[in-house]
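Hi,

Here is the structure I promised to pass on, with some notes on what turned up in it. Have a look first, then read on below.

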Amino acid sequence: MSTQDVFVQQFAQLFQHYREGLSPEAKQGSVSWNAVPLEERNRMVAAARLAIHELETDAQSQDNSRLYFAKPGEAEWGC
């Protein structure tokens with residue numbers, strides 16, 4: 001299992017923990033990660049992977065969009 005896979009699974013586990021704790025219908029004893037059915041855990045891990053990928057992609061495209069602008073003090077002004 002790669003480091004990225006471990007990170008994604010930990011992210012999904014934390015997300016589930018906080019979702020349970022913050023939901024208005026939260027029960028006194030929240031469901032532990034190991035008690036969540038495997039199919040649901042896999043779905044949450046896939047959702048976490050997609051969310052992280054989207055965040056990485058957005059960050060890269062924002063960095064690339066700045067390449068087209070001059071650095072401060074280097075712009076040529078005038079007509």
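**What I found**

The chain has an accessible surface of about 7100 Å², and carbon and sulfur atoms account for 56% of that. Before you go further, please keep in mind that this is a predicted model, so everything below is computed from that prediction.

**The overall layout**

The fold is quick to describe: the chain has two helices and zero strands. Helix H1 covers residues 3-22, and helix H2 covers residues 38-65. The chain has 79 residues, and 11% of them count as buried.

For a feel of how the two helices sit, take Ala12 and Ala46. They are 34 residues apart in sequence, yet their C-alpha atoms are 8.5 Å apart in space. Ala46 belongs to helix H2 and is partly exposed, because its relative accessibility is 36%.

**The inside**

Which residues make up the largest nonpolar core? There are seven of them: Val8, Ala12, Trp33, Met44, Val45, Ala48 and Ile52. Two elements, H1 and H2, each give two or more residues to this core. H2 has the largest share of it, with four residues.

Trp33 is a good one to click on within that core. If you skip its neighbours within four places in sequence, Trp33 is in contact with Gln9, Ala12, Gln13, Gln16, Arg41, Met44 and Val45. Ala12, Met44 and Val45 in that list are core members too.

Gln16 deserves a look as well. This residue is part of helix H1. Is Gln16 buried or exposed? Its relative accessibility is 3%, so Gln16 counts as buried. Again leaving out neighbours within four places in sequence, Gln16 is in contact with Val31, Trp33, Val36 and Met44. Trp33 and Met44 are both in the core described above.

**Charged pairs**

How many salt bridges are there? The count comes to three.

I'd start with the one between Asp5 and Arg49, where the closest N and O atoms are 3.2 Å apart. Asp5 sits in helix H1 and Arg49 in helix H2, so this pair ties together parts that are 44 residues apart in sequence. As for their surroundings, Asp5 is partly exposed, given its relative accessibility of 26%. Arg49 is partly exposed too, with a relative accessible area of 35%.

Then there is a little group in helix H2: Glu39, Glu40 and Arg43 are linked in a network of salt bridges. Here is how the network is put together:

- Glu39 and Arg43 meet through their side chains, at 3.6 Å from N to O. They are four residues apart in helix H2, so about one helical turn separates them.
- Arg43 also forms a salt bridge with Glu40, with the closest N and O atoms 3.2 Å apart. These two are three residues apart in helix H2, which again means a separation of about one helical turn.

How open are these residues to the outside? Glu39 counts as exposed, because its relative accessibility of 59% is over the 50% cut-off. Arg43 is partly exposed, with a relative accessible area of 47%. Glu40 is partly exposed as well, at 26%.

**The phenylalanines**

Last stop: the surface of helix H1. Phe7, Phe11 and Phe15 form a nonpolar patch on the surface, and together they have about 310 Å² of accessible area.

Two of these residues come up again when you look for aromatic pairs. A search of the whole structure finds one, and it is Phe7 with Phe11. What is the geometry of this pair? The rings are stacked, 6.4 Å centre to centre and with 25° between the planes. Phe7 and Phe11 are four residues apart in helix H1, so about one helical turn lies between them. Phe7 is partly exposed, with a relative accessible area of 44%, and Phe11 is partly exposed at 33%.

**Where to click**

If you have time for a few stops, try Trp33 and its contacts, the Asp5 and Arg49 salt bridge, and the stacked pair of Phe7 and Phe11.

Cheers

Note on methods: Residues are numbered from 1 along each chain as its sequence is written. This is a predicted model: local features need pLDDT of at least 70, side-chain atom pairs count only at pLDDT 80 or more; totals for chains, interfaces and linings use all residues. Side-chain values use heavy atoms; hydrogens and water are left out. Buried means under 20% relative accessible area, exposed over 50%, partly exposed in between (1.4 Å probe, protein chains only). Patches are made of residues with over 30% relative accessible area and no salt bridge: like charges are joined within 9 Å, nonpolar side chains (Val, Leu, Ile, Met, Phe, Trp, Tyr) within 5 Å. Accessible areas come from the Shrake-Rupley method with a 1.4 Å probe; for residues, only the protein chains shown count as cover. A salt bridge is a side-chain nitrogen of Lys or Arg within 4 Å of a carboxyl oxygen of Asp or Glu. A nonpolar core is a set of buried Ala, Val, Leu, Ile, Met, Phe, Trp, Tyr and Cys residues joined through side-chain atoms within 4.5 Å. Contact means heavy atoms within 4.5 Å. Rings of Phe, Tyr and Trp (its six-membered ring) pair if their centres lie within 6.5 Å; planes under 30 degrees apart count as stacked, over 60 as edge-to-face and the rest as tilted.
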